[in-house]
Amino acid sequence: MEKKKVVLIATGGTIASRKRADSGLLESGVISGEEIVELCDIPGYIDVEVESLFQKASMHILFEDLLELKNRIDYQLAKDDVSGVVVTQGTDTLEESSYFINLITNHKKPIVFTGSQRSPGEVGTDAFINIKHAILTSCSEDLNDVGVVVVFNERIFHSRYVKKEHASNIQGFNSFGFGYLGIIDNETVHMFQKPLENEFYPISISTTLPTIDIIKCYMGANDRFLKASREAGVDGIILEGVGRGQVTPNMMAEIAHCIQKGIYVVITTSAVEGEVYTTYDYEGSTFDLKKAGVILGRDYDSKKARIRLMVGIASKHMNMERLFNPDR
């Protein structure tokens with residue numbers, strides 16, 4: 001078996017947590033990556049180099065941290081002897097972190113994110129098997145040019161569509177409507193499908209990222225959160241509409257006001273599958289929003305749309321409409 005080298009970059013999370021002596025509750029990100037890897041039964045043909053970048057709960061991670069992570073990934077994957085990189089982090093923001101890194105890195109070699117729903121010390125923990133499977137995946141040449149993926153519970157998901165689907169079950173992630181790219185079975189990686197293309201938006205570690213808010217729409221919603229965002233000076237707003245992308249009529253005047261002030265506004269849908277579309281013609285419909293200058297967010301969920309708009313602005317993408325709708 002050909003010798004492989006993988007770099008595991010640890011950032012904390014449940015996968016690095018243990019119980020506190022005082023409360024008996026978990027403290028996230030206190031176990032080093034070196035400690036965890038020693039217990040993962042990694043095959044002998046793989047050398048694992050561990051870099052403990054930071055040890056945080058995933059809700060404590062900032063985009064500045066992710067820019068530092070990008071810098072470390074770029075550094076490690078530039079080495080000829082490194083086959084791939086694994087990133088361990090908490091699951092609460094894993095779908096956001098992985099997609100952000102997917103958009104701002106451009107490597108042929110695999111980049112694999114993973115985490116766990118149960119701490120290493122719990123009965124039935126998924127920490128060790130998820131790390132082992134992520135390491136195996138990062139060694140597979142079938143993952144070359146695929147972009148950033150997430151490995152969880154024996155499955156390989158692309159960061160573009162992966163979502164945390166369960167708060168605690170070890171089947172924590174899914175890609176609704178698109179499925180997983182492959183599986184890991186008996187230490188063998190099997191790929192079933194790959195994305196047609198990958199995207200790259202170059203930004204540097206010193207880049208100042210724009211401020212993008214997410215505003216959820218619901219029955220009877222008014223414009224107070226839109227006003228708060230505008231008055232706070234945000235650069236963009238993601239509207240999580242309903243169905244094909246509808247909002248309430250009470251929001252329309254303020255949406256138009258935000259656009260007049262130079263704020264990018266993108267409409268997405270709270271539906272798990274399907275994309276926003278100009279199906280209806282009434283006040284607050286997607287057609288009405290488009291006429292007002294709102295960008296149609298296709299099938300991006302609100303979190304992924306926020307990251308996409310953020311990266312688009314930061315990389316000085318020329319046309320935000322084409323950022324979300326390149327073929328239209």
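How many residues of helix α3 (residues 94-104) are buried? In this predicted model, the count is 11 of 11, and the helix is mostly covered. The buried stretch starts with Leu94, Glu95 and Glu96. Ser97, Ser98, Tyr99 and Phe100 are also buried. So are Ile101, Asn102, Leu103 and Ile104.

Phe100 also appears in the largest nonpolar core. This core has 45 residues. Those with the most contacts inside it are Leu69, Ile73, Phe100 and Phe113. Ile73 touches Ile9, Val85 and Val87. Ile73 also touches Ile101, His107 and Ile111, with residues up to four places away in sequence not counted. Another core lies apart from it and has 29 residues. Among them are Ile15, Ile135, Leu136 and Val189. In soluble globular proteins, nonpolar side chains tend to be buried together.

The next element is a sheet. Its 4 strands form an open sheet in the order β13-β14-β15-β16, and the pairing is parallel. The strands β13 (212-216) and β16 (295-296) stand at the edges. Each has a single partner strand, so one side of each is left without a neighbour in the sheet.

The pairing can be followed strand by strand. β13 and β14 pair in the parallel sense over 5 bridges. Here, the bridge partner of Ile215 is Leu239 in β14. Strand β14 (residues 236-241) pairs with strand β15 (residues 264-269) over 6 bridges, again in the parallel sense. Gly236 has Tyr264 in β15 as its bridge partner.

Strand β14 is mostly covered, with 6 of its 6 residues buried. In a regular strand the side chains alternate between the two faces of the sheet. Both faces of β14 are covered. Gly236, Ile238 and Glu240 are buried on one side. Ile237, Leu239 and Gly241 are buried on the other.

Helices pack on this sheet. Helix α5 (residues 224-232) lies across β13 and β14 and runs at about 175° to β13. Helix α8 (residues 302-314) touches β13, β14 and β15. The direction of α8 makes about 155° with that of β13.

Ser229 is found in helix α5. Is Ser229 buried or exposed? Ser229 has a relative accessible area of 4%, which is under 20%, so Ser229 counts as buried. Leaving aside neighbours within four places in sequence, Ser229 is in contact with Asp213, Ile215, Val234 and Ile237. Of these contacts, Ile237 is also one of the buried residues of β14.

Helix α5 also meets helix α6 (residues 252-260). Two packed helices are described by the angle between their axes and the distance between the axes. The axes of α5 and α6 come within 9 Å and cross at roughly 15°. That makes α5 roughly parallel to α6. The crossing of α5 and α6 is left-handed. On the α5 side, the residues in contact are Leu226, Lys227 and Arg230. On the α6 side, they are Glu254, Ile255, His257 and Cys258.

Two loop residues complete the picture. Asp41 is found in the loop between α1 (33-37) and β4 (46-56). Phi of Asp41 is near 55°, a positive value in a residue other than glycine. Asp41 has a relative accessible area of 57%, which is over 50%, so Asp41 counts as exposed. Arg298 lies in the loop between β16 and α8. Arg298 is not a glycine either, yet has a positive phi of about 50°.

Conventions:
Residues numbered from 1 in each chain as written. Predicted model: local features only at pLDDT ≥ 70, side-chain atom pairs only at ≥ 80, totals over all residues. Heavy atoms only, no water. Buried < 20%, exposed > 50% of the residue type's maximum accessible area, 1.4 Å probe, protein only. Pairing = 2+ DSSP bridges. Contact = heavy atoms within 4.5 Å. Axes fitted to C-alpha atoms, helices over the stretch in contact; angles between N-to-C directions. Core = buried A, V, L, I, M, F, W, Y, C linked by side-chain atoms within 4.5 Å. Parallel < 35°, antiparallel > 145°, perpendicular 65-115°, else oblique. Left-handed = near helix turned anticlockwise from the far one by under 90°.
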